Amino acid sequence: MNLHEYQAKELMRRHGVPVPAGEPATSVEEAKAAIEKLFGEGHQRVVVKSQIHAGGRGKGTFKDGFQGGVHLADSVEDATAKAEAMFGNVLVTKQTGEEGKQVNRLLITSCQEIKSEFYCAVLLDRALGKPIIMASSEGGMDIEEVAEATPEKIIKETVDPDLGLQAYQGRKIAIALGLRGKLIGQCGRLLQGLYATWAGCDASMVEVNPLALIENEDGTEAVVALDAKMSIDSNAMFRHADITEMRDLTEEDPLEVEAGKFDLNYIKLDGNIACLVNGAGLAMSTMDAIKHYGGDPANFLDVGGGATQEQVKAAFEIILSDPSVKAILINIFGGIMNCNTIAEGVVAAAKETDLKLPLVVRLEGNNVEAGRQTLAKSGLALITASSLAEAAQKSVEAAK
Amino acid sequence: MSILVTPETKFLVQGITGGFGGRHAQLSLDYGSQLVAGVTPGKGGQTFADTVPIYDSVTEAVAKTGATASAIFVPPPFAADAILEGIDAGLELVVAITEGIPVRDMLSVKKVLDASDTKLIGPNCPGIVTPGEGDQSHGGCRIGIAPGYIHKKGNIGVVSRSGTLTYEAVWQLTSAGVGQSTCVGIGGDPVPGMTHLDVLKMFNDDPETEGIIMIGEIGGTAEEEAAAWAKDNCSKPIAGFIAGATAPPGRRMGHAGAIVSGGKGTAEAKKAAFRKAGIGVAETPSEMADTLLKMM
């Protein structure tokens, strides 16, 4: 589950990571109140930031031509006008695709003088089976590009998951980032807080880009998290009621949300051949086979190992509500699952939804003969196939 | 021989009184496997299917029955604890079927696991099958949720991150009249117990295994590591398949571990690593068995 910047910053703040003062807003009125509060506290400048689940906001463009999803403002009037221009407007960034994302929330924060920018993230190193802190002096940049072009600028520190990030490790990273004096200890504590956020929230990833060395209005220096990106391990939501409440369904594909209600794993793609498969690996392979024979899959859909007739019907309705679908491919390997149960589910769903699209079915495994008979006797215009390769070829033909 | 388990291996089921665990415990009994005990804390003294005694703890079950392996069907919030209990009881093999264990829990499990003599298969896996000599491989050792009847006793080892793709490979082999030594589903999670490499090494050392099918998917670099080792060390032919070439980056494809992130873990990189190591690459899953058989 992905979080908004303001939510990630709130969780980081709770774990001792310094973040700029600020508040989220879901309306122009709330934004104005937050802006007035910051100026009232003596801040000379604020930042108005679009909150969407996509990167590249600063360099994005709104659909009405308004440039930039992040703006600085030096007065209440200016900041409020910018907030007004952003609310409800659709922001297109390099990560949103052409359709963009509607901005329904803003984060209003104070703005300080930035002296230098760093990158920092906490994530799982799968090869080690341990969490690592990844940092770089090249802040504000695309970290993948940095890792590609100048791998020596990437600092990595492995963490013992039962001990957490130790103070000396935090200092080690701070020194490697080029910090000196009191800033070494302060940045080290910030990094320990960042690791505590990762561990305490069951995060999959915590990323701060940029982590910034700022000069406060009183002339003192400090390292703070200027931006924040965070995703949570969906498997751990059962122990985080507070984070569960942070889920923003408007940021997710409505069909994917609907599929989730039926315990179906569905991911919408851009093609026109819908797939219904049991098992994640087989579902991915089915998409691959469609592509291999020159077609384009419309979705990933894993109905799981023990799909019921209700789930098959729900799966049908979900894939049919995608208007670009021109053909459907059902690929089931019934191991424990009875092929006839699936066949009956398919026939019922096809009849109930008055299916007009070509339907290619490949069944194999447990009780497959009965399943094939059920399909043959159904009166539906089905195209059958005996292997996945054949099914993929036939579905590509049918979608033309 | 076979690897990890033989038809004589005695095992227990943790979570035998749950619906899912009970159903698959029964299927293992039907297959003729040596399921000797169940464990559900608080239900000690009861029996499963009128024959299998249930104990309150793994240690007690091991002491009373001599079980050396376990299958875990415990719900995700309690599954890491169940694995640790199995390790503590000194089991040789723990097979964690449970899907949805938090990564943070598995990080702690992994530390304990690495310091122990126990081997872990999974989590989020179909388990392990060593086929038996009977009709439709009856009498083999089936720990987990794989369909037993599709197997056939023979000389091909199968290792895979995906359940249904394992069944596809096994079914293709069996349909071609070719049997399997052992089939291991290592699971689709980002922090697994045994890896492709661990299983590959065991197949290489197993005199009964003559060829290997290795099935991987996007995410992580475990397939690349296995391939790099195999290049210079594996004396047996290997055919490979990788799922997820068309998966969009940054999205989890069903399995928690099936994700391309930061440009890492792509199907392309894994297939390239396979080719470099002399592993035969099946372009579609329909060709997994054929690809191997052509190499033998």
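Reader: How many residues does each chain bring to the contact between chain A and chain B?

Author: One reads a contact by counting residues on either side. In this predicted model, chain B contributes 46 residues and chain A contributes 42 residues.

Reader: Which helices of chain B each supply at least two residues of the side that touches chain A?

Author: They are α3 (76-88), α4 (103-114) and α5 (163-175) of chain B.

Reader: How do the residues on that side of chain B divide into nonpolar, polar and charged?

Author: On the side of chain B that touches chain A, 22 residues are nonpolar, 16 are polar and 8 are charged.

Reader: How should I read a sheet, for instance the open one with 3 strands in chain A?

Author: One begins with the order of the strands and the sense of their pairing. Here the order is β3-β5-β6 (chain A), and the pairing is antiparallel.

Reader: Why is one side of β3 (61-62) and of β6 (101-102) of chain A left without a neighbour in the sheet?

Author: Both strands stand at the edges and each has a single partner strand, so one side of each lacks a neighbour in the sheet.

Reader: Over how many bridges do β5 and β6 of chain A pair?

Author: Strand β5 (residues 90-92) of chain A pairs with β6(A) over 2 bridges, in the antiparallel sense. Within this pairing, A:Gln102 of β6(A) is the residue opposite A:Val90.

Reader: What can be said of chain A as a whole?

Author: Chain A contains 13 helices and 19 strands. Its C-alpha trace spans about 80 × 45 × 40 Å along the principal axes. Of the 400 residues in chain A, 46% are buried.

Key. Residues numbered from 1 in each chain as written. Chains lettered and ligands numbered in written order. Predicted model: local features only at pLDDT ≥ 70, side-chain atom pairs only at ≥ 80, totals over all residues. Contact = placed C-beta atoms within 7 Å. Helix = DSSP H or I, 4+ residues; strand = E, 2+ residues; numbered from the N terminus. Nonpolar A, V, L, I, M, F, W, Y, C, P; charged D, E, K, R; others polar. Pairing = 2+ DSSP bridges. Buried ≥ 20, exposed ≤ 12 C-beta atoms within 10 Å, placed from the backbone.
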